[in-house]
Amino acid sequence: MKEYIEKLYTKLHEAMEKPVTLGSAEEVGLYAKTICRLEKLHGHHEEPETAQFDRTTARQWMAAMRNADGTTGPHWSMDQTSAIADGMGVQETEIPRWAWGVTMNMMYSDYYPVAVEFGLNRPEFYAALSKAFLLDKDGPGPERKLMEYYEHIAK
């Protein structure tokens with residue numbers, strides 16, 4: 001079963017590199033849901049207190065996002081969000097690119113209507129929100145904060 005799940009992960013990653021269309025979003029969502037169900041069925045799904053949050057989890061989360069603009073899945077690719085992080089001077093040692101990418105997509109997914117209402121619907125706005133969220137001085141650090149948010153709110 002483990003080998004089959006790994007094959008599904010490979011297909012999920014391949015599908016997420018395709019241009020975002022309704023078809024590719026459905027494909028990504030199907031792979032992500034299937035992986036989650038199989039892992040849960042076979043006891044590979046970890047409880048929140050022992051769960052790890054990594055690139056794979058981030059990609060699964062992005063694939064399942066139901067965005068406020070009516071779309072599903074990531075609004076930006078990891079390459080696009082990485083370029084924005086680089087442009088802002090955000091170091092990968094400070095915030096891993098996968099954590100940055102899922103956070104930018106989360107901000108878009110949740111706050112799109114607010115950004116439109118105030119004329120702020122630009123990638124730079126979502127990037128600024130992401131940076132503030134992940135580098136919160138009161139928080140436990142970018143990866144831990146993101147994992148806690150995912151486990152206790154988004155999941």
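**Figure 1. The salt bridge between E151 and K155.** With a relative accessibility of 12%, E151 counts as buried, because the limit for that class is under 20% relative accessible area. In this predicted model, the side chain of E151 meets that of K155 in a salt bridge, with an N to O distance of 3.2 Å. K155 is partly exposed, at a relative accessible area of 45%. The bridge thus joins E151 and K155, of which E151 is buried and K155 is partly exposed. A search of the whole structure finds 7 salt bridges, and two others are shown in Figures 2 and 3.

**Figure 2. The salt bridge between E17 and R59.** The side chains of E17 and R59 are joined by a salt bridge of 3.2 Å, N to O. E17 sits in the loop between α1 (2–16) and α2 (22–41), while R59 belongs to helix α3 (residues 55–64), so the pair ties together parts that are 42 residues apart in sequence. E17 counts as partly exposed, with 48% relative accessibility. R59, in contrast, is buried at 7%.

**Figure 3. The salt bridge between E27 and K18.** The closest N and O atoms of E27 and K18 are 2.9 Å apart, and the two residues form a salt bridge. E27 has a relative accessibility of 25% and counts as partly exposed. K18 is also partly exposed, with a relative accessible area of 40%. K18 appears again in Figure 5, among the residues that line the largest cavity.

**Figure 4. Helix α3 and the elements that cover it.** Of the 10 residues of α3, 7 are buried, so the helix is largely enclosed by the rest of the structure. The buried residues are T57, A58, R59, Q60, W61, M62 and A63. R59 is the residue that pairs with E17 in Figure 2. The cover over the buried residues of α3 includes α1, α2, α4 (78–88), α5 (97–117) and α7 (142–154).

**Figure 5. The largest cavity and its lining.** A search of the whole structure finds 1 cavity of 30 Å³ or more. The largest cavity holds about 60 Å³ of space. Its lining is made up of A15, M16, K18, P19, V20, S24, A25, V28 and P74. By type, these lining residues divide into 7 nonpolar, 1 polar and 1 charged. Both α1 and α2 supply at least two residues of the lining, and α2 gives the most, with 3 residues.

**Figure 6. S130 and its contacts.** S130 is part of helix α6 (residues 123–134). At 0% relative accessibility, S130 is buried. Leaving out residues up to four places away in sequence, S130 touches W100, T103, M104 and M107.

**Figure 7. The whole chain, for orientation.** The protein chain has 7 helices and 0 strands. Its radius of gyration is 15 Å, close to the 15 Å that the globule rule gives for 155 residues, so the chain is as compact as a globular protein of that length. Along the principal axes, the C-alpha trace spans about 45 × 35 × 25 Å. Of the 155 residues, 41% count as buried. Among contacts in the chain with a separation of 6 or more, 62% are between residues 24 or more positions apart.

Conventions
Residues are numbered from 1 along each chain as its sequence is written. This is a predicted model: local features need pLDDT of at least 70, side-chain atom pairs count only at pLDDT 80 or more; totals for chains, interfaces and linings use all residues. Side-chain values use heavy atoms; hydrogens and water are left out. A salt bridge is a side-chain nitrogen of Lys or Arg within 4 Å of a carboxyl oxygen of Asp or Glu. Helices (H or I, at least four residues) and strands (E, at least two) are DSSP runs, numbered from the N terminus. Buried means under 20% relative accessible area, exposed over 50%, partly exposed in between (1.4 Å probe, protein chains only). Contact means heavy atoms within 4.5 Å. On a 1 Å grid over the protein atoms alone, a cavity is a set of points where a 1.4 Å probe fits but cannot get out, and a pocket is an open set with protein on both sides within 12 Å along at least five of seven lines; lining residues have an atom within 4 Å of a point. Grid points are joined across faces, edges and corners, and a volume is the space filled by probe spheres set on the points. Ala, Val, Leu, Ile, Met, Phe, Trp, Tyr, Cys and Pro count as nonpolar, Asp, Glu, Lys and Arg as charged, and the others, Gly among them, as polar. The radius of gyration is taken over C-alpha atoms; the globule rule is 2.2 Å times the number of residues to the power 0.38.
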